[in-house]
Amino acid sequence: FTAAGKGLREAVHATEVANERMKMFGLRPEQLEGEGVFLTPRMLACAEAARTASMELAADLTHVAWKDGEPGRKERRADLKARELEATHGGEAERAVSPAGSAMST
């Protein structure tokens, strides 16, 4: 989405600039010179529709990624707790736990 969206934004912006310049100087599209993109009114409408559709798709992807909460949050919290436990207890965090749930030193 990023590269295509960027290209569409640049093309729409260049066309808007060209339209303003044509209006200020009384030019027609055929009289434009230089490098850049100029979209016809029909292409401009299609580019804007495509840009809108791409933003909607990106929003849908974000929604799916966040539907069960912040992505990766549980893993980060578990890692943080493990580091805190290790820092608090020194080497004691490396104790083995028996099947009954009682801690046994190694």
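Visitor: Leaving aside its neighbours within four places in sequence, which residues is L39 in contact with?

Guide: In this predicted model, L39 touches A11, V12, T15, L44 and A47, once the neighbours within four places in sequence are set aside.

Visitor: How should I read such a list, and which residues make up the largest nonpolar core?

Guide: The general idea is that, in soluble globular proteins, nonpolar side chains tend to be buried together. Here the largest nonpolar core consists of five residues, namely A11, V12, L39, L44 and A47. Two helices, α1 (residues 2-25) and α2 (residues 41-66), each supply at least two residues of this core.

Visitor: T15 appears among the contacts of L39, and I would like to place it; is T15 buried or exposed?

Guide: T15 belongs to helix α1, and it counts as buried because its relative accessibility is 0%, where the cut-off for burial is under 20%. Apart from its neighbours within four places in sequence, T15 is in contact with V37, F38, L39 and L44.

Visitor: Turning to α2, which of its residues are buried, and how does the span of this helix relate to the expected one?

Guide: The buried residues in α2 are L44, A47 and S54, and of these L44 and A47 also belong to the largest nonpolar core. As for its span, the helix has 26 residues and extends 38 Å from its first C-alpha to its last, which is close to the 38 Å expected at 1.5 Å a residue.

Visitor: What of the nonpolar side chains at the surface, and which residues make a nonpolar patch there?

Guide: M24, F25 and L27 together make a nonpolar surface patch of about 340 Å². L27 sits in the loop between α1 and α2, and L27 is described as partly exposed because its relative accessible area is 33%, a value between the cut-offs of 20% and 50%.

Visitor: With these local features in hand, how many helices and strands does the chain have, and in what pattern do they follow one another?

Guide: The chain has three helices and two strands, and along the sequence they follow the pattern α-α-α-β-β.

Visitor: And what do the totals say about burial, surface and contacts across the chain?

Guide: The chain has 106 residues, of which 10% count as buried, and its accessible surface comes to about 8900 Å², with 57% of that belonging to carbon and sulfur atoms. Among contacts between residues at least 6 apart in sequence, 41% join residues at least 24 apart.

Note on methods: Residues are numbered from 1 along each chain as its sequence is written. This is a predicted model: local features need pLDDT of at least 70, side-chain atom pairs count only at pLDDT 80 or more; totals for chains, interfaces and linings use all residues. Side-chain values use heavy atoms; hydrogens and water are left out. A nonpolar core is a set of buried Ala, Val, Leu, Ile, Met, Phe, Trp, Tyr and Cys residues joined through side-chain atoms within 4.5 Å. Buried means under 20% relative accessible area, exposed over 50%, partly exposed in between (1.4 Å probe, protein chains only). Helices (H or I, at least four residues) and strands (E, at least two) are DSSP runs, numbered from the N terminus. Contact means heavy atoms within 4.5 Å. Patches are made of residues with over 30% relative accessible area and no salt bridge: like charges are joined within 9 Å, nonpolar side chains (Val, Leu, Ile, Met, Phe, Trp, Tyr) within 5 Å. Accessible areas come from the Shrake-Rupley method with a 1.4 Å probe; for residues, only the protein chains shown count as cover. A salt bridge is a side-chain nitrogen of Lys or Arg within 4 Å of a carboxyl oxygen of Asp or Glu. The expected span of a helix is 1.5 Å times one less than its number of residues.
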